[in-house]
Structure formats: structure tokens, C-alpha cells
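I opened a fresh page to record what I looked up in this structure, chain by chain, before turning to the ligand and the backbone.

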Amino acid sequence: MPEIKTSDFSAASTKAIADPKLRRALDRVASGFHVARLQRIEEATPQVWDGWKTQAREIKAHTIEHLDYYLDLLYKNVTAAGGQLHFANDAKQANDIVSHIVRTRNIKIATKSKSMVSEELGLNPVLESLGVEVWETDLGEYIIQLAEETPSHLVAPALHKSKEDVAELFTEKLGIPYDEDIYHMAATARTVLRDKFMQADLGISGANFVVAETGTLVIITNEGNGRLCTSAPRVHIGITGMEKVIPSMQDLSIFLRLLPQSATGQRITSYVSMTTGPRRSDDEDGPEEFHLILVDNGRSRMLADPALREALYCIRCGACLNICPVYARIGGHAYGWVYPGPIGAVVSPMLVGLPQAKELPQASSLCGACREVCPVNIDIPRMLLDLRKKTAESPDRAQRSAPKSERMMARLYAKLMSSPRLLHWAVRSGRTLQRLEHLVPFSPVTKGGKWIKKAPLPLLSRWTRSRDLPVLPNKTFHELWDQGIADRPSDARDV
Amino acid sequence: MPAMSDQSLGVPKDEFLRFVREALGREDVPPAQPYPRLTDSTTDLEQQALEIRQKIQQNLPALLDKLADMAQKGGWNVFRAAGAEEAVGYLQDLARKSDLSAVVRSAQGVFDQVPVDAALTSMGLKVTTVLRDEANPRESLREEIRRSGMGITGADFALAETGSVIVLPRKGLSRLVSVVPPVHVALVRPEDVLESMDDLFLLRRLEYHQQGGEMGSYLNFITGPSRTADIEMTIVEGVHGPKEVHMIILG
Ligand code: SF4
């Protein structure tokens, strides 16, 4: 598995917020994908769109509830089509399967079309250690591979890179003159990879969906790299998570509508490639061998937990990233592992282990925007709360997310709020302190304004490090009430 | 390489399914309600296919208009040809503009209707039909495809809903013809048109069942040119696939 940096979340996100270049890149995504998505919903009409969402969720819910049955059916039909289906419990097992195929088939060059699961497995270094030349062929993935980085978005992996970054990278790694024209850079990638497509012995792809009824692997791409990877080399390996199975070919239409429109706002991607088994004897092209590897790698933990099971309905459209106010400020890398954004904050802790990623579920204001845009109606905020609860109540003290001081504060707050007399006393003392503070020139706490910028006492000051608190009002609601606010004429109350 | 004893690497299927059932917290039971679609009989599907065909018959002009509209929105250059002659004329113009020397085409029925070869050869172009035989092994055809400036194919279906051309595996139809050359032209006959993806997948399921569980090794949608927005969200056309795509609708 690739390096897990989920425990560095605080530091990484603070650094990301301060990065103006990243901010510009993230603004571009928000305005691009999100606006196009809204146009598509208007075009379909919101009623129809909601109907699709409900239907898609029902299909996913049914399949996941009967995952064993559909995996069995899939196995039967992949085999019947002349392909091979392999199951892997974890990353190592999946990588071992690929390694076995690579060694026994004498593979020298592999082309890959975008696969988040292969990122999750850390497959590329394994292939390289076997002496295989590995080429990522999606332009974004190719850039990331050259830069030796990880994707920062589910759909646009290199979005954090500016055109100047890419131009410099191409100069450094490909030895070509610096040229920041985006069209020229895309043409360079085309030229480099064109040869590789034709030379490759192995094509590796992910899968957006896998159809149990026919044993069919479905990938959607815009560049055409997916089609080349799955049709030119003599061996094709598809790798994906076990949750990607859907029952019937006819279930696909709904997902082929929802996925591209939610992801990039396109009505459909340029290419949809469906593969069922290897090349038949009459076919003009296609691989001689077709392998499908389905991985668990922590997914059964989500399956086993009714509160988190629906995370497995995700179709990785990225809409929740594009709308998330937290993602919009910190980008994908701060999340520290393969899956960023709101859904990543649920999935990563489940895949790498909650103790290592306990800060991720905190990275949300629980505004609910992700739930609203999700094409399969996944209730992400509910799951984030569930994960927070699990961390807070963990029997192992060291695993609890909140420091002792914060828990103490929470207890104090609960006491205060449940006793009117205590609260009243606290407000009055606070106001006295506030008045005194205003007498001091350059008042350190409120800086003379309406917000508490830096609360006194180390305990409270931590809280205000990234938040402002409103100052205490001159009169509380209770005090106003006692003064007879209730007796005023109704027209005055309406103001 | 001889057949390997690796039919299933990794965890044996039954063991894997047992883990899944453990996670689901239950025994090996099939869905209480059988999934509606999976219980369709071939006769049911045939009946539905008949209805689809009738619906298309009744709405053909409107469907062709919708196809043209959606295809154009999806990035195709759409040309509606009144007959084979106009289609050939359009191709010749295109060849002239694109400054080509070699063209590849697939071997499909539509080329009996539209005499592409004669028209393009008369302009001094080399036209290769991608059809494997003793004289033309796969490798030499591949080279030919790579050298060509234009690939011409028919369509197995065309979807009005999305403006997509659907290609299925056939003898004489290499996927590379539509994806490798920088220009792709698809010839669409009125009888290829379907209204929606729902229609398409129903017809494919029917064929799958009629053929005793075989539907061919692939099914591809093509909708517009190859494109990317991976650098600064700027759309660039023609990354790994064609930069320019044309749909000629014969009718
Ligand atoms: S959780 Fe929903 S919105 Fe987010 S990536 Fe998955 S499917 Fe898309």
C-alpha cells in the first residue's frame, strides 16, 4: 500500500490553506465541474434527476445486501466468457496475483488506464521491482507518475499542478524544451504514449462497474486511453473493489447517466468501453487473456458495519469533493491517502484503520452539501458523525481523537448549559472580564472588535486558533425577556 | 504459453464469499426477492425488443433529428446526407481539407451502400480495408492504421439519447480504426438508430440470451472526439484518440 499520511492531517491542511497556487487550482475545479453539473440537472429536470438517484441507490443497496450472491454470479459469467476472476483479501494478495501473471506471461511493458484501486494497492512500485516498464496513460495520471506524486482528486488527479509546473516537469523528465502551451503538452503525451500502447504486452485498467449477469467490465474515459489499454496489449487485467458489481446490463443506463453528469457535467464521456472476456477467434483485435481481480482490502469492514455500509455505494464521481468547503480550501493531498474529500474522510479511516486516520472525520463542517450532490444519496455527514462517535468513545484512551483538555471543556460546557444559574453567573463574570479587557489599549482578546480573536487561557486559545467567537452581548436573551420583551406590541416584535 | 493452472489465483472463491457473508452477518441465502431483470425470459425480452422496434419505426424522423442534435452537442461534426452520393462528396471534401495520403476503413455492410473506396482512390489516396487474412496479418494492419490520417467505420447502433455511436466486435471491425487515426468518420444508417441506452442494453441482453450466454468481447460507445481537461481544466481535443470526428447520417 502507498504511504499512509492520514495522521499528519492537521499540519498538512494548515500548510495547504496557506498555498495560493493550490487555492487557484481548487477554484477552477469548483467553478468548472460544479457549474456544468448543475446545468445537466436543469436539462434533465430536477424531478427526473432525483428519480435516477433513487433508482441508482436502490440498485446499489440491493447488490451490496446480496454481495455474495452477485460475486458468485459474476464469477460464473466471467469464467463462461473465457476470462479469469481472482479474489484478493488485501493489497499484498492483489499485487501477488498481478506479479504471478506478469512473470508467467513474460510481461515487459504495461500501459495503465486510470485506476484508483491500483493507487490504493501501490501496484506500480511492485511492477517496477519486477522489471516491468509501467506507463500511466491518462494525462493527469501520467503527470502524477512523472512527478512521483499521488492523485489529489478522484476525477482530475493532477488538478493541483499549474501548467507551468507541468511544463517544468516535462522539461526535466522528458528532456524537451520548456513550453507551457497546454495543447502542446497534451500532444507531447500523445506522442510518447502512442508508441507504448502499441508495444505494451499488458494493459491494466480499473473498472467503474462490473456486470454480474454477463461478466462485463465497464470503464468510462474521455481520452481514449482506456480503449487502447484494453484492446491493444495481449493481456488485460482489470482491478477493482468488490463493491463495483451490479446485477444486470440493463442497470447500467442509469449509472452511465449519473456518473459523467455528476463528475464533469458531461452528458456522457467520449468513450464507454465494455469488455467481456478475451478476444474471440473472429475478432480483429483484443487481448488473448482477460483477468479480473476483485479486492476486499478493508471493504468488508464497511460491509460489516450497518452504519457505514452505504459508503460502498460510492461510484467515485467526485461531486462531493467539488462542493465541499473543506476540500475547496485544503485540496486532496492533505487527506493523506488515496481517497480525498468527504467520501475519503469516511473510506480512508475504514481502509487504513480508524486510529491512524481519526482526524479525517473531523474535517467537515457537517454542512450537508456532499449528501445533497451525491448521485446515490449517500449520507456522508451521518457517517462522519458516526466515526467521530466511534473515536470519542473508543475504549482505548490513546485512540480517542479529542485531547484530554478538550474533553474536560466539553464536560464543563455541558454542566454550564444544563444549569441556568451557573450559566447566568458565568455570563456575568465573562462580561465583567470583557469590559476590563476593553479598557486595556490594544485589547489582546477582542482587538476592540465584535469577535474574540484569541481567547485567554491556553485551553481556550487552542479553540480560537482557527475560529473566532462572538463577544458576549450586553444583555442576554433571558435578561431581555425579564425586561418585558414579551409585553411589547406584536408589530414591534416582527422587526 | 500453455494454459496455466491459475484459473483462480488469490483466495479461493468459496472462502472469499464466506468472508463476505460473515461481514453481512448471515448464511448463504439467495435474495429473497429475485432481481426482476434477471428473471426475464428470452420471450419477455423478445416482446420488449419488438415494442422498441415499433416505437422507433413510428418516430424515425424525430429520432434522426434528435441523434443529429445530441451528436453535435457531444462534439461530432454532423452531416445529414440525402444519399450515398452526398456522403461520398462529403468524405472527399474532408479528405481534401485534411491533407491525407492514407485512409483505413472497417469491413462493414454500410460500405456496400456507400462506395467509399473508389471515390477516395480516385483522389490518389491509399485506402486499406482492415480485414485480416493470410496476406494481411494483424501486425501489418496495425502499422497501416497507425500511418493513416483517417479511419472510417460504420455503426452497429447510434443512440439518439446521447449522440453516441456503438461498435461491437465483428470480423473486419478493429476498434483501432476508430481510435488511432486523428480523424474518425462514422457512417450511420437510419436503421442503426436507437432511442436510448435502455433500448441498447435490452437488445444486447436479448442477443446474449439468444446466443446462449455470448455477447461478444466488447461493446464500445464513441461520443465526440478524444479529450482531456487534466491541465488547468482546459479542454484539449485529440489526446490519445481522434481530434476530429464526423458523423454522416444517411437520411
Ligand atoms: S460519495 Fe457520492 S458524491 Fe462522493 S464520490 Fe461517491 S458517489 Fe460521488
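The entries below follow the order in which I looked things up.

**Entry 1, the model.** I note at the outset that this is a predicted model, and I read every value below as computed from it.

**Entry 2, chain A overall.** I looked up the secondary structure of chain A and found 23 helices and twelve strands, in a C-alpha trace that spans about 90 × 55 × 50 Å along its principal axes. Of the 495 residues in chain A, 57% are buried. I then turned to the contacts in chain A with a separation of 6 or more, and 72% of these join residues 24 or more positions apart. The exposed surface of chain A is about 20,900 Å², with 57% of it supplied by carbon and sulfur atoms. For the charges of chain A, I recorded 62 positive and 58 negative ones, whose mean positions are 9 Å apart.

**Entry 3, chain B overall.** For chain B I found eight helices and twelve strands, and its C-alpha trace spans about 70 × 50 × 45 Å along the principal axes. Buried residues account for 53% of the 251 residues in chain B. When I took the contacts in chain B between residues at least 6 apart in sequence, 76% of them turned out to join residues at least 24 apart. The accessible surface of chain B comes to about 10,800 Å², and carbon and sulfur atoms hold 48% of that area. I also noted 27 positive and 36 negative side chains in chain B, with the centres of the two sets 2 Å apart.

**Entry 4, the ligand.** Which residues come nearest to the ligand? Of the 13 residues around it, I listed A:Cys314, A:Cys317, A:Gly318, A:Cys320 and A:Cys374 as the nearest. Sorted by class, this shell holds eleven nonpolar, one polar and one charged residues.

**Entry 5, positive phi.** I checked the backbone with a general expectation in mind, that most residues other than glycine have a negative phi. A:Asn106 has a positive phi, near 60°, and I located A:Asn106 in the loop between helix H5 (91-104) and strand S2 (109-112) of chain A. A:Leu366 likewise has a positive phi, near 55°, and sits in the loop between helix H16 (341-352) and helix H17 (369-373) of chain A.

**Entry 6, exposure of these two residues.** Are A:Asn106 and A:Leu366 buried or exposed? I class A:Asn106 as partly exposed because its relative accessible area is 44%, which lies between the 20% and 50% cut-offs. A:Leu366, with a relative accessible area of 31%, is therefore partly exposed as well.

Note on methods: Residues numbered from 1 in each chain as written. Chains lettered and ligands numbered in written order. Predicted model: local features only at pLDDT ≥ 70, side-chain atom pairs only at ≥ 80, totals over all residues. Heavy atoms only, no water. Helix = DSSP H or I, 4+ residues; strand = E, 2+ residues; numbered from the N terminus. Buried < 20%, exposed > 50% of the residue type's maximum accessible area, 1.4 Å probe, protein only. Contact = heavy atoms within 4.5 Å. Areas by Shrake-Rupley, 256 points an atom, 1.4 Å probe, with all protein chains shown as cover. Lys, Arg positive; Asp, Glu negative; His and termini not counted. Charge placed at Lys NZ, Arg CZ, Asp CG, Glu CD. Near = heavy atom within 4 Å. Nonpolar A, V, L, I, M, F, W, Y, C, P; charged D, E, K, R; others polar.
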